[in-house]
Amino acid sequence: MTTDAARRVAVLKGGRSLERQVSLRSGARVEDALGRLGHEVVPIDVGLDLIQQLRDVRPDVAFIAMHGRDGEHGTVQELLEILDIPYTGSGVLGCVRATDKVLAKHLMIEAGIPTPDFFAFNETAFRELGAAEALAAIEERLEFPIVVKPSSQGSALGIKFARSAADLPAALVAAFSYDSKVVLERHVDGRDLAVSILADEPLPVVEAVPQGDEFYDFQARYEIGRTSFICPAELPEGATERAQDLALRVYRLLGCHAFARVDLMLDGSGELTVLEANPIPGLTETSLLPQAAEAVGITFDQLVGRILELAEDGNRGLAPPDPRGTLAG
Amino acid sequence: MKSSAMRDMMAVTARPEVISLAGGLPDTSTFPPETFAAVASRIAAESCAKALQYGPTDGLGETKDCIAEVMAAEGMPLDREDAIVTTGGQQVIDLVAKTLIDPGDVVIAEGPTYPGAVPVFLAYQADVVQVEMDSAGMRVDLLEETLERLDREGRRPKFIYTVPTFQNPAGVTMSLSRRRRLVEIAHERELLVLEDNPYGLLRYEGDELPPLYKLDGGVFVMYLGTFSKILSPGIRLGWVAAPPPVLEKINLGKQGTDLCTSTLSQLMVQAYFERGNWRDYVDSLTDIYRKRRDTMLDALAEHFPPQAEWTRPGGGLFIWATLPDFIDTTDLLARALRENVAFVPGEGAFLDGRGRNSMRLNFSSSDEESIREGIRRIGEVVSEQVELYGTLTGKVAPSVPSAEVVQMPTPAERARRANS
């Protein structure tokens with residue numbers, strides 16, 4: 001529970017995820033910070049020998065710096081539970097709920113948290129149940145443009161923007177490349193916001209502003225230089241507090257622990273909607289959680305130290321239910 | 001231009017369980033270790049101090065004699081003063097760009113172009129204009145149209161970059177008539193051409209065609225050669241032969257970049273060439289690669305759906321396959337990686353968002369069994385997407401009528417995709 005005590009920390013990174021590269025960068029940066037904090041650092045590029053490596057290393061704590069499949073989806077967390085090794089971030093349940101966008105959106109709707117209208121399908125619905133017949137009805141209900149995305153892929157991979165019915169089939173084929181379940185979501189035109197939570201406290205809001213005059217370009221969100229980030233975001237009266245409040249409610253609703261990032265949209269009429277939650281947001285030089293922490297004077301080393309402390313406080317996986325969850329909306 | 005999504009995914013292709021048809025690597029596993037040992041001990045015994053020392057920026061004269069031998073094998077005479085020894089062929093692209101390009105200058109390249117040239121041109125802030133190809137290489141008629149258009153805009157390209165023989169990534173070869181016309185255009189318009197020829201000696205069938213440098217006589221054509229595909233890429237040795245004023249500037253640029261090419265590598269090449277049988281090794285590689293190419297072509301015919309088409313290279317290392325336009329090969333790569341197989345998505349060979357339904361397949365660096373299995377797996381995921389699209393639209397995608405064209409998207413398709 002104190003940074004004074006040196007720990008042997010296994011930093012889990014890389015793996016088979018499509019976000020391997022980002023994870024390696026997050027991991028390298030975390031390793032440097034842990035070293036400066038005086039801990040013994042053992043980097044592990046996660047692969048077939050993970051269990052053996054963990055048994056050999058016998059770490060006091062595992063720092064999970066993995067993004068996407070395995071790391072963020074609860075699999076690695078499950079293995080660490082079995083091995084009885086404390087680990088950073090959310091538990092199995094929090095990871096499962098947050099990374100399944102369909103499940104997360106259903107939970108949000110049930111709790112009265114605004115999230116864009118959507119329909120979700122798995123591949124068998126099209127292949128075996130003739131769901132293609134229902135596409136026209138979906139188009140009417142959601143109206144174009146429609147955002148098509150894989151249910152469980154983090155980052156912008158596989159997200160397509162269908163402006164008309166003609167765009168839909170190719171967009172669905174692309175999204176199914178990443179996952180057997182896809183989400184068709186009403187597009188919210190507005191400002192792109194992210195609220196990171198650290199130790200049950202919301203950090204300042206970050207706004208992502210795409211450069212140039214593209215109507216909307218998902219690629220731009222993730223290309224360095226094509227997006228600029230403003231933190232704290234300059235928002236209309238009250239919007240910051242509402243965004244932070246929503247983010248914290250989502251974090252609790254999904255059962256996240258220690259840290260997470262919640263992405264929201266602020267539309268022209270001032271309405272906020274929640275797009276998704278990321279249980280292990282990026283920790284690279286350009287990532288949003290470190291930027292938000294920095295805005296309130298928390299250095300990267302302090303951030304990493306805090307996340308490590310929270311790994312060992314034992315209160316994971318079943319966060320207290322959101323007291324307002326069932327009352328709101 | 002490579003998207004960040006593609007860059008991230010390429011990081012996963014390096015994992016050992018993945019059959020990677022994505023690389024561009026020659027197979028170095030059959031090079032005789034005895035030869036390597038003999039060459040190395042000869043240098044240790046006879047020229048240790050020299051091998052450990054700096055050398056002249058333009059390279060050692062004896063290395064240039066080896067280069068002259070390689071160029072003679074493709075019918076080009078070369079004097080020592082006509083060439084500079086470089087750190088791989090890649091350095092030639094960088095030095096030519098560094099020497100000639102000011103930000104905003106136009107460079108003409110093929111579409112698709114060598115993906116490794118793209119970041120170089122971008123780093124020097126060139127405006128790259130890509131000219132389409134078909135099965136006979138760069139469409140020289142479209143090149144002339146492009147030059148006319150640029151003329152009207154008051155813009156003069158700094159040079160034309162081309163891989164005329166067994167092109168990377170398309171695998172096609174420029175016809176003799178187009179080679180002649182391209183050289184004529186260079187003379188008429190006094191335009192420099194950078195001819196990149198790493199694969200010329202890796203011919204599996206058909207007659208040799210003269211390199212542009214030979215047709216031009218070294219007046220407007222700058223020639224890039226390399227030992228990477230005929231000996232070893234690890235030795236990092238290439239060269240540029242060019243008109244004297246250009247060569248002088250490149251020499252200055254190289255001084256700033258790395259003073260000189262590794263003397264040790266140069267002596268290795270010299271000692272290797274003195275043994276007199278460098279062509280035998282090239283012949284042995286050619287035999288291996290021909291079989292692998294045939295294996296890949298057979299596997300493509302067996303496993304890819306009728307809606308796909310691909311080029312049939314007479315040499316080199318690559319096949320370029322094009323799928324129906326509703327398949328995005330960057331997304332397809334994500335699906336393919338779940339089956340532990342990888343290729344290069346076509347978007348990496350374009351700077352303007354084209355190529356999204358194409359892929360580059362390498363057949364030199366995997367054994368025949370891996371090639372068969374890799375193509376089978378890719379074919380399976382492609383078929384799966386074709387079928388899914390059919391289910392979604394209620395239509396069956398049409399088969400490709402002919403494989404004559406290096407399937408570039410039509411302007412209408414391009415516009416449609418730009419909006420999606």
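**Exercise 1. In this predicted model, which residues of α12(B) meet which residues of α14(B), and how do the two helices lie relative to each other?**

Solution.
- Start with the contact itself. From α12(B), you'll find Lys291(B), Arg292(B), Thr295(B), Met296(B), Ala299(B), Leu300(B) and His303(B). Facing them from α14(B) are Glu368(B), Ile371(B), Arg372(B), Ile375(B), Arg376(B) and Gly379(B).
- Sort those by class, and you get 5 nonpolar, 3 polar and 5 charged residues.
- Now the geometry. Two packed helices are described by the angle between their axes and the distance between the axes. Here α12 (residues 278–303) and α14 (residues 368–393) of chain B have axes that come within 9 Å and cross at roughly 25 degrees.
- Angles under 35 degrees count as roughly parallel, so α12(B) and α14(B) are roughly parallel to each other.
- As for handedness, α12(B) passes α14(B) in a right-handed crossing.

**Exercise 2. Work out how α7(B) and α8(B) pack: at what angle, and through which residues?**

Solution.
- Pick out α7 (residues 140–152) and α8 (residues 176–189) of chain B; their axes are 10 Å apart, at an angle of about 20 degrees.
- With that angle, α7(B) and α8(B) are therefore roughly parallel to each other.
- The crossing of this pair, α7(B) and α8(B), is right-handed.
- On the α7(B) side, the contact uses Val140(B), Leu143(B), Glu144(B) and Leu147(B). On the α8(B) side, Arg178(B), Arg181(B), Leu182(B), Ile185(B) and Arg189(B) do the job.
- Tally the classes for α7(B) with α8(B): 5 nonpolar, no polar and 4 charged residues.

**Exercise 3. Trace the 8 strands of the open mixed sheet in chain B, and say which stand at the edges.**

Solution.
- Walk across the sheet and the order reads β2-β9-β8-β7-β6-β3-β4-β5 (chain B), with mixed pairing.
- β2 (83–86) and β5 (137–138) of chain B each have a single partner strand, so one side of each is left without a neighbour in the sheet.
- Zoom in on one pair: β3(B) and β4 (residues 127–134) of chain B run in the parallel sense, joined over 6 bridges. In that pairing, Gly111(B) has Glu132(B) in β4(B) as its bridge partner.
- Finally, look for what covers the β2 end. Helix α10 (residues 244–258) of chain B lies across β2, β8 (221–226) and β9 (238–241) of chain B, at about 25 degrees to β2(B).

**Exercise 4. Now do the 4-strand sheet of chain B: what is its order, and is the pairing parallel or antiparallel?**

Solution.
- The order is β10-β11-β14-β13 (chain B), and this open sheet is antiparallel.
- β10 (309–310) and β13 (344–345) of chain B are the edge strands, each pairing on one side only.
- In between, β11 (residues 318–322) and β14 (residues 358–362) of chain B run antiparallel and share 5 bridges. To find your bearings there, locate Ile319(B), which stands opposite Leu361(B) in β14(B).

**Exercise 5. Hunt for unusual backbone: which peptide bonds before Pro112(B) and Pro169(B) are cis or trans, and what is phi of Asp84(A)?**

Solution.
- Know the baseline: most residues other than glycine have a negative phi, and most peptide bonds are trans.
- Gly111(B) and Pro112(B) are joined by a cis peptide bond, with omega about 5 degrees. Pro112(B) sits in the loop between β3 (106–111) and α6 (118–123) of chain B.
- Asn168(B) to Pro169(B) is cis too, omega being near 10 degrees. You'll find Pro169(B) in the loop between β6 (159–162) and α8 of chain B.
- Over in chain A, Asp84(A) has a positive phi, near 65 degrees. Its loop runs between α3 (75–83) and α4 (92–99) of chain A.

**Exercise 6. What kind of unit do β1(A), α1(A) and β2(A) make, and how many residues does each chain give to the contact between A and B?**

Solution.
- β1 (residues 8–13) and β2 (residues 40–45) of chain A run parallel, joined by 6 bridges. Lys13(A) stands opposite Asp45(A) in β2(A).
- Add helix α1 (residues 20–36) of chain A, and the three make a right-handed β-α-β unit.
- For the interface, chain A gives 26 residues and chain B gives 25.
- On chain A's side, α1, α6 (123–129), α8 (168–176) and α9 (218–222) each give two or more residues. The largest share, 7 residues, comes from α8(A).
- By class, that side of chain A has 14 nonpolar, 4 polar and 8 charged residues.

Note on methods:
Residues are numbered from 1 along each chain as its sequence is written. Chains are lettered from A and ligands numbered from 1 in the order in which they are written. This is a predicted model: local features need pLDDT of at least 70, side-chain atom pairs count only at pLDDT 80 or more; totals for chains, interfaces and linings use all residues. Axes are lines fitted to C-alpha atoms, for helices over the stretch in contact, and angles run from 0 to 180 degrees between N-to-C directions. Angles under 35 degrees count as roughly parallel, over 145 as roughly antiparallel, 65 to 115 as roughly perpendicular and the rest as oblique. A crossing is left-handed if the near helix is turned anticlockwise from the far one by less than a right angle, and right-handed if clockwise. Two residues are in contact if their C-beta atoms, placed from the backbone, lie within 7 Å. Ala, Val, Leu, Ile, Met, Phe, Trp, Tyr, Cys and Pro count as nonpolar, Asp, Glu, Lys and Arg as charged, and the others, Gly among them, as polar. Two strands pair if DSSP finds at least two bridges between them. A crossover is right-handed if, with the strands pointing away from the viewer, the path from the first strand over the helix to the second runs clockwise.
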